[in-house]
Amino acid sequence: MKDAFGIPQSLLVLGGTSEIALATARRLIARSTRTVWLAGRPSPALDQSAADLRALGAEVRTVSFDALDPESHETVLGKVFAEGDIDMVLLAFGILGDQARDEREPLNAVRVAQTNYTGAVSAALVSAGALQSQGHGSLVVLSSVAGERARRANFIYGSSKAGLDTFTQGLGDALHGTGVHVMVVRPGFVRSKMTADLEESPLTTTPEAVATAIELGLRRRSETVWVPGTLRVVMSALRHAPRGLFRRLPI
(Lines give C-alpha, C1' and ligand atoms only; values in the text may rest on other atoms or scores of the structure.)
Protein backbone atom coordinates (compact mmCIF):
# COMPACT_ATOMS: atom_id res chain seq x y z
CA MET A 1 0.00 0.00 0.00
CA LYS A 2 1.05 3.61 -0.46
CA ASP A 3 2.25 5.58 2.53
CA ALA A 4 0.45 8.62 3.87
CA PHE A 5 2.12 10.80 1.22
CA GLY A 6 1.08 8.67 -1.76
CA ILE A 7 4.46 7.01 -2.27
CA PRO A 8 4.13 3.35 -3.36
CA GLN A 9 5.75 0.53 -1.45
CA SER A 10 5.79 -1.62 -4.60
CA LEU A 11 6.48 -0.53 -8.17
CA LEU A 12 6.18 -2.27 -11.55
CA VAL A 13 8.12 -0.58 -14.36
CA LEU A 14 7.13 -1.45 -17.92
CA GLY A 15 10.25 -0.46 -19.80
CA GLY A 16 12.85 -1.44 -17.24
CA THR A 17 15.81 0.30 -18.86
CA SER A 18 14.10 3.67 -19.41
CA GLU A 19 16.21 6.47 -17.95
CA ILE A 20 13.11 8.32 -16.78
CA ALA A 21 11.72 5.17 -15.17
CA LEU A 22 14.98 4.39 -13.40
CA ALA A 23 15.32 7.97 -12.15
CA THR A 24 11.77 7.67 -10.83
CA ALA A 25 12.51 4.32 -9.17
CA ARG A 26 15.61 5.75 -7.47
CA ARG A 27 13.63 8.69 -6.16
CA LEU A 28 10.81 6.50 -4.86
CA ILE A 29 13.21 4.03 -3.24
CA ALA A 30 14.77 6.96 -1.39
CA ARG A 31 11.31 7.62 0.05
CA SER A 32 9.60 4.34 0.91
CA THR A 33 9.41 2.02 -2.11
CA ARG A 34 10.78 -1.39 -1.17
CA THR A 35 9.83 -3.75 -4.01
CA VAL A 36 10.51 -3.05 -7.68
CA TRP A 37 9.74 -5.13 -10.75
CA LEU A 38 11.62 -4.18 -13.92
CA ALA A 39 9.86 -5.51 -17.01
CA GLY A 40 11.64 -5.47 -20.34
CA ARG A 41 13.45 -7.53 -22.90
CA PRO A 42 16.21 -9.60 -21.25
CA SER A 43 19.53 -7.81 -21.67
CA PRO A 44 22.69 -6.88 -19.77
CA ALA A 45 21.24 -3.35 -19.45
CA LEU A 46 18.13 -4.70 -17.69
CA ASP A 47 20.26 -6.78 -15.33
CA GLN A 48 22.50 -3.80 -14.56
CA SER A 49 19.50 -1.58 -13.89
CA ALA A 50 18.22 -4.14 -11.38
CA ALA A 51 21.61 -4.37 -9.70
CA ASP A 52 21.85 -0.59 -9.40
CA LEU A 53 18.46 -0.40 -7.68
CA ARG A 54 19.29 -3.30 -5.35
CA ALA A 55 22.33 -1.34 -4.22
CA LEU A 56 19.91 1.33 -2.97
CA GLY A 57 18.25 -1.18 -0.66
CA ALA A 58 15.22 -2.32 -2.67
CA GLU A 59 14.17 -5.85 -3.50
CA VAL A 60 14.33 -5.89 -7.29
CA ARG A 61 13.16 -8.55 -9.71
CA THR A 62 13.20 -8.61 -13.49
CA VAL A 63 10.57 -10.04 -15.80
CA SER A 64 10.73 -10.69 -19.53
CA PHE A 65 8.31 -8.33 -21.27
CA ASP A 66 7.95 -7.37 -24.93
CA ALA A 67 5.72 -4.43 -25.90
CA LEU A 68 5.44 -5.89 -29.41
CA ASP A 69 3.97 -9.16 -28.12
CA PRO A 70 0.59 -8.10 -26.70
CA GLU A 71 -0.65 -11.68 -26.74
CA SER A 72 1.77 -12.38 -23.87
CA HIS A 73 0.94 -9.35 -21.72
CA GLU A 74 -1.90 -10.84 -19.73
CA THR A 75 0.16 -13.91 -18.82
CA VAL A 76 3.40 -12.07 -18.08
CA LEU A 77 1.88 -9.26 -16.04
CA GLY A 78 -0.60 -11.59 -14.39
CA LYS A 79 2.30 -13.52 -12.88
CA VAL A 80 3.70 -10.30 -11.40
CA PHE A 81 0.41 -9.33 -9.78
CA ALA A 82 -0.02 -12.90 -8.53
CA GLU A 83 3.08 -12.36 -6.37
CA GLY A 84 1.33 -9.62 -4.37
CA ASP A 85 -0.29 -6.21 -4.70
CA ILE A 86 1.41 -3.62 -6.88
CA ASP A 87 0.94 -0.04 -5.70
CA MET A 88 2.13 1.66 -8.88
CA VAL A 89 2.63 0.71 -12.51
CA LEU A 90 4.88 3.04 -14.52
CA LEU A 91 4.42 2.59 -18.27
CA ALA A 92 7.67 3.96 -19.63
CA PHE A 93 8.53 2.06 -22.80
CA GLY A 94 8.60 3.70 -26.22
CA ILE A 95 10.79 4.46 -29.21
CA LEU A 96 11.46 7.71 -31.07
CA GLY A 97 12.07 6.20 -34.46
CA ASP A 98 13.78 8.12 -37.26
CA GLN A 99 11.28 10.42 -38.98
CA ALA A 100 13.08 10.69 -42.35
CA ARG A 101 13.81 6.95 -42.55
CA ASP A 102 10.38 5.95 -41.30
CA GLU A 103 8.67 8.04 -43.99
CA ARG A 104 10.67 6.13 -46.62
CA GLU A 105 10.21 2.75 -44.94
CA PRO A 106 6.63 2.48 -43.68
CA LEU A 107 7.23 -0.77 -41.79
CA ASN A 108 9.53 1.15 -39.46
CA ALA A 109 6.78 3.70 -38.90
CA VAL A 110 4.41 0.84 -38.10
CA ARG A 111 6.89 -0.43 -35.49
CA VAL A 112 6.88 2.98 -33.80
CA ALA A 113 3.09 2.97 -33.73
CA GLN A 114 2.87 -0.63 -32.50
CA THR A 115 5.36 -0.03 -29.70
CA ASN A 116 4.20 3.37 -28.52
CA TYR A 117 0.48 2.89 -28.96
CA THR A 118 -0.73 -0.67 -29.58
CA GLY A 119 1.66 -2.27 -27.10
CA ALA A 120 0.98 0.45 -24.55
CA VAL A 121 -2.79 0.09 -24.87
CA SER A 122 -2.50 -3.63 -24.23
CA ALA A 123 -0.16 -3.29 -21.25
CA ALA A 124 -2.17 -0.44 -19.74
CA LEU A 125 -5.46 -2.31 -19.95
CA VAL A 126 -4.00 -5.44 -18.41
CA SER A 127 -2.37 -3.41 -15.63
CA ALA A 128 -5.50 -1.34 -15.04
CA GLY A 129 -7.59 -4.48 -14.71
CA ALA A 130 -5.20 -5.93 -12.15
CA LEU A 131 -5.10 -2.69 -10.16
CA GLN A 132 -8.87 -2.51 -10.19
CA SER A 133 -9.14 -6.11 -8.98
CA GLN A 134 -6.90 -5.36 -6.00
CA GLY A 135 -8.86 -2.16 -5.33
CA HIS A 136 -6.04 0.37 -5.28
CA GLY A 137 -2.95 1.62 -7.07
CA SER A 138 -1.67 4.15 -9.58
CA LEU A 139 -1.08 3.77 -13.29
CA VAL A 140 1.41 6.39 -14.49
CA VAL A 141 1.84 6.68 -18.26
CA LEU A 142 4.68 8.57 -19.93
CA SER A 143 3.21 10.54 -22.80
CA SER A 144 4.91 13.52 -24.48
CA VAL A 145 4.24 17.11 -25.48
CA ALA A 146 4.89 15.81 -29.01
CA GLY A 147 1.39 14.39 -28.88
CA GLU A 148 -0.24 17.78 -28.39
CA ARG A 149 0.07 18.78 -32.05
CA ALA A 150 1.68 17.05 -35.02
CA ARG A 151 4.95 18.65 -36.14
CA ARG A 152 6.64 18.07 -39.48
CA ALA A 153 9.82 17.00 -37.71
CA ASN A 154 8.30 14.09 -35.76
CA PHE A 155 4.66 13.52 -36.68
CA ILE A 156 5.00 9.73 -36.69
CA TYR A 157 6.25 9.63 -33.10
CA GLY A 158 3.93 12.49 -32.14
CA SER A 159 0.85 10.75 -33.54
CA SER A 160 1.62 7.61 -31.53
CA LYS A 161 1.91 9.66 -28.35
CA ALA A 162 -1.26 11.57 -29.19
CA GLY A 163 -3.13 8.29 -29.40
CA LEU A 164 -1.63 7.06 -26.14
CA ASP A 165 -2.39 10.33 -24.36
CA THR A 166 -6.04 10.33 -25.43
CA PHE A 167 -6.41 6.65 -24.54
CA THR A 168 -4.94 7.20 -21.08
CA GLN A 169 -7.23 10.14 -20.36
CA GLY A 170 -10.22 8.01 -21.29
CA LEU A 171 -8.96 5.13 -19.17
CA GLY A 172 -8.62 7.51 -16.24
CA ASP A 173 -12.25 8.54 -16.68
CA ALA A 174 -13.34 4.91 -16.88
CA LEU A 175 -11.52 4.08 -13.64
CA HIS A 176 -12.64 7.15 -11.71
CA GLY A 177 -14.12 6.08 -8.38
CA THR A 178 -12.62 2.57 -8.48
CA GLY A 179 -9.64 3.32 -6.24
CA VAL A 180 -7.25 3.33 -9.22
CA HIS A 181 -5.42 6.60 -9.91
CA VAL A 182 -4.38 7.24 -13.52
CA MET A 183 -1.82 9.95 -14.30
CA VAL A 184 -0.55 11.16 -17.68
CA VAL A 185 2.96 12.63 -17.71
CA ARG A 186 3.84 14.97 -20.59
CA PRO A 187 7.55 15.80 -20.65
CA GLY A 188 9.12 18.05 -23.22
CA PHE A 189 12.48 17.21 -24.77
CA VAL A 190 14.31 15.00 -22.24
CA ARG A 191 18.09 14.96 -22.26
CA SER A 192 18.96 11.24 -22.33
CA LYS A 193 20.82 8.55 -24.24
CA MET A 194 17.81 8.14 -26.54
CA THR A 195 17.96 11.80 -27.59
CA ALA A 196 21.74 12.25 -27.50
CA ASP A 197 21.98 12.71 -31.27
CA LEU A 198 19.14 15.23 -31.47
CA GLU A 199 19.28 19.00 -31.20
CA GLU A 200 17.87 20.14 -27.87
CA SER A 201 14.62 22.10 -27.80
CA PRO A 202 13.70 25.05 -25.59
CA LEU A 203 12.66 24.03 -22.08
CA THR A 204 14.73 20.85 -22.27
CA THR A 205 14.40 18.75 -19.14
CA THR A 206 16.11 15.74 -17.53
CA PRO A 207 15.04 12.28 -16.32
CA GLU A 208 15.57 13.45 -12.75
CA ALA A 209 13.28 16.44 -13.24
CA VAL A 210 10.58 14.19 -14.67
CA ALA A 211 11.00 11.84 -11.69
CA THR A 212 10.55 14.76 -9.30
CA ALA A 213 7.37 15.80 -11.11
CA ILE A 214 6.03 12.25 -10.98
CA GLU A 215 6.57 12.07 -7.23
CA LEU A 216 4.78 15.39 -6.75
CA GLY A 217 1.95 14.21 -8.98
CA LEU A 218 1.55 11.06 -6.90
CA ARG A 219 1.38 13.09 -3.69
CA ARG A 220 -1.25 15.39 -5.22
CA ARG A 221 -3.07 12.59 -7.07
CA SER A 222 -2.75 14.66 -10.23
CA GLU A 223 -4.29 13.45 -13.46
CA THR A 224 -1.93 15.33 -15.79
CA VAL A 225 1.65 16.43 -15.19
CA TRP A 226 3.66 18.70 -17.51
CA VAL A 227 7.46 18.75 -17.29
CA PRO A 228 8.50 21.51 -17.02
CA GLY A 229 5.23 23.06 -15.90
CA THR A 230 5.58 26.07 -18.20
CA LEU A 231 5.03 23.76 -21.18
CA ARG A 232 1.34 23.71 -20.35
CA VAL A 233 1.03 27.37 -21.36
CA VAL A 234 3.38 27.04 -24.34
CA MET A 235 1.56 24.03 -25.77
CA SER A 236 -1.82 25.65 -25.24
CA ALA A 237 -0.70 28.52 -27.46
CA LEU A 238 0.79 26.20 -30.08
CA ARG A 239 -2.27 23.99 -30.10
CA HIS A 240 -4.46 26.95 -31.06
CA ALA A 241 -2.06 28.59 -33.53
CA PRO A 242 -3.45 28.81 -37.11
CA ARG A 243 -2.12 25.99 -39.23
CA GLY A 244 -0.42 28.27 -41.73
CA LEU A 245 1.46 30.04 -38.94
CA PHE A 246 2.27 26.79 -37.19
CA ARG A 247 3.92 25.41 -40.33
CA ARG A 248 6.32 28.35 -40.41
CA LEU A 249 7.41 28.10 -36.78
CA PRO A 250 11.01 26.83 -36.26
CA ILE A 251 9.98 23.88 -34.10
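**Strand β4 and the salt bridges around E215**

Let me begin with strands β4 and β5 (residues 137–142), which pair in the parallel sense over four bridges, where pairing requires that DSSP finds at least two bridges between two strands, and where strands (E, at least two residues) and helices (H or I, at least four) are DSSP runs numbered from the N terminus. This is a predicted model, in which local features need pLDDT of at least 70 and side-chain atom pairs count only at pLDDT 80 or more, while totals for chains, interfaces and linings use all residues. Residues are numbered from 1 along each chain as its sequence is written, and side-chain values use heavy atoms, with hydrogens and water left out.

Within this pairing, L90 stands opposite V140 of β5. Strand β1 (residues 10–14) also pairs with β4 in the parallel sense, over four bridges, and there L14 has L91 as its bridge partner. From β4 (residues 88–91), M88 and L90 point one way and V89 and L91 the other, and all of them are buried, meaning under 20% relative accessible area, with exposed being over 50% and partly exposed in between (1.4 Å probe, protein chains only).

Turning to charged side chains, R31 and E215 meet in a salt bridge at 3.1 Å, N to O, the criterion being a side-chain nitrogen of Lys or Arg within 4 Å of a carboxyl oxygen of Asp or Glu. Because R31 lies in helix α1 (residues 19–31) and E215 in helix α7 (residues 207–220), the pair ties together parts that are 184 residues apart in sequence. E215 is buried, at 5% relative accessible area, whereas R31 counts as partly exposed at 36%.

R219 forms a salt bridge with E215 too, with the closest N and O atoms 2.6 Å apart, and salt bridges that share partners join R27, R31, E215 and R219 into one network.
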